[in-house]
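Here are a few short exercises to work through with the model open on your screen. Try each task before you read its solution.

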Amino acid sequence: LVVGLVTLRIAYRPGQIQYLRGALSFAFGLAAVVGVASIRWLTFSGDTAGLSGAIGNRPFAIFLVPIYALALAGWRTRGPAYALIAAGAFAFIVLTLSRTVSATAIILAALALMWNASWAQRIQGMIVAALLAALVFSFEPLRERFITGERFRQSRSETTLVTGEGRSAQLNVSGVSLSGRGLLWLQTWRHAMQAPLTGHGTGSAEVYLGTELQTVTAQPHNDYLRVFHDSGIIGLVTLLVAAIAGVFSLRRLQHRSRSVLARELTLAAFLTWIGYLLI
């Protein structure tokens, strides 16, 4: 953050845009040293273990998203050499066993390959995304996080169902492991519907889950649902408008960019924004 703030004070002319890329490289390099030094294997439920850092496996994967996006943008605008960096970041993300971030990484790869591309290139991008999805799903530790053996044997005729009553009711998706999120999502949604317009107040979702339900994880595990619970439809619409405005603003900025470096940085910003919205 300090590196970024200093750079923004220095780089105020169009010709100094290379300072931004240098600052990104320096900041990511410094963070990579700290990150690699703290890497360890985090054991999940059962015998499954995933790559983690001092901040945990999921935050570590989320931290890699802008690095991954910058590599994808370089691959798209500069050449295939950046594909190696993107592949390395993708591998690290998958090794964290974060399901959401891994799925997001596949989507970002498809978006980067289909960006301002011909129909033939778009088809190739979809094929690459499908191959990446197949590769990720064939990775047994991550596959076990997505689908457990017991759930995999269940009938696939029912896609969703609600089990239990009252505060024990939860959402189940046949064959897919929600890791306890089904309870948090359904109960947060039900409580949010009691004040759908203005919500229950900032921070109320965590208070509700922690005190009323006494769950181990006192957060909804979905920020859109959290905003709807805390700020109602007014807050959720405000968030979505800001999110969509950011998407179109970065897209216009990328189209207006004249230099290769400007197109690279704006595409990286666009992909990062999309990635965080998905996560």
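Helices here are DSSP runs of H or I with at least four residues, numbered from the N terminus. Keep in mind that this is a predicted model.

**Exercise 1. Get an overview of the protein chain: how many helices and strands does it have?**

Solution. Start with the secondary structure: there are 12 helices and 4 strands. Next, look at burial: 38% of the 279 residues are buried. Then turn to the surface, where the chain exposes about 15600 Å², with carbon and sulfur atoms supplying 66% of that area. Finally, take the contacts with a separation of 6 or more: 59% of them link residues 24 or more positions apart.

**Exercise 2. Check the span of helix H5, then find what follows the helix.**

Solution. H5 covers residues 99-114, which is 16 residues. At 1.5 Å a residue you'd expect 22 Å, and the distance from the first C-alpha to the last is 23 Å, close to that value. Now look at which side chains are tucked away: the buried residues of H5 include Arg99, Ser102 and Thr104, along with Ala105, Ile106 and Leu108. Just past the helix, H5 is followed by Asn116, and the phi of Asn116 is positive, near 50°.

**Exercise 3. Place Thr188: is this residue buried or exposed?**

Solution. First find the helix: Thr188 sits in H9, residues 181-192. The 12 residues of H9 should span 16 Å at 1.5 Å a residue, and the end C-alpha atoms are indeed 16 Å apart, so the two agree. Now apply the cut-off: buried means under 20% relative accessible area. Thr188 comes in at 1%, so Thr188 is buried. Thr188 has company in H9, where the buried residues also include Arg181, Gln187 and His191. As for partners, the Thr188 side chain reaches the backbone oxygen of Leu184 at 2.6 Å. Leaving out residues up to four places away in sequence, Thr188 touches Leu209, Pro220, Leu225 and His229.

**Exercise 4. Find the nonpolar surface patch that includes Val237, and classify Val237 by its accessibility.**

Solution. Begin with the members: Leu197, Ile233, Ile234, Val237 and Val241 make a nonpolar surface patch of about 450 Å². Then locate Val237, which is found in helix H11, residues 223-256. For the classification, partly exposed lies between the buried limit of 20% and the exposed limit of 50%. Val237 has 44% relative accessibility, so Val237 counts as partly exposed.

Key:
Residues numbered from 1 in each chain as written. Predicted model: local features only at pLDDT ≥ 70, side-chain atom pairs only at ≥ 80, totals over all residues. Heavy atoms only, no water. Patch = residues over 30% accessible without salt bridge, like charges linked within 9 Å, V, L, I, M, F, W, Y side chains within 5 Å. Areas by Shrake-Rupley, 256 points an atom, 1.4 Å probe, with all protein chains shown as cover. Salt bridge = Lys/Arg side-chain N within 4 Å of Asp/Glu carboxyl O. Helix = DSSP H or I, 4+ residues; strand = E, 2+ residues; numbered from the N terminus. Buried < 20%, exposed > 50% of the residue type's maximum accessible area, 1.4 Å probe, protein only. Polar contact = N/O pair within 3.5 Å; in protein donor to acceptor, adjacent residues only side chain to side chain. Contact = heavy atoms within 4.5 Å. Expected span 1.5 Å × (residues − 1).
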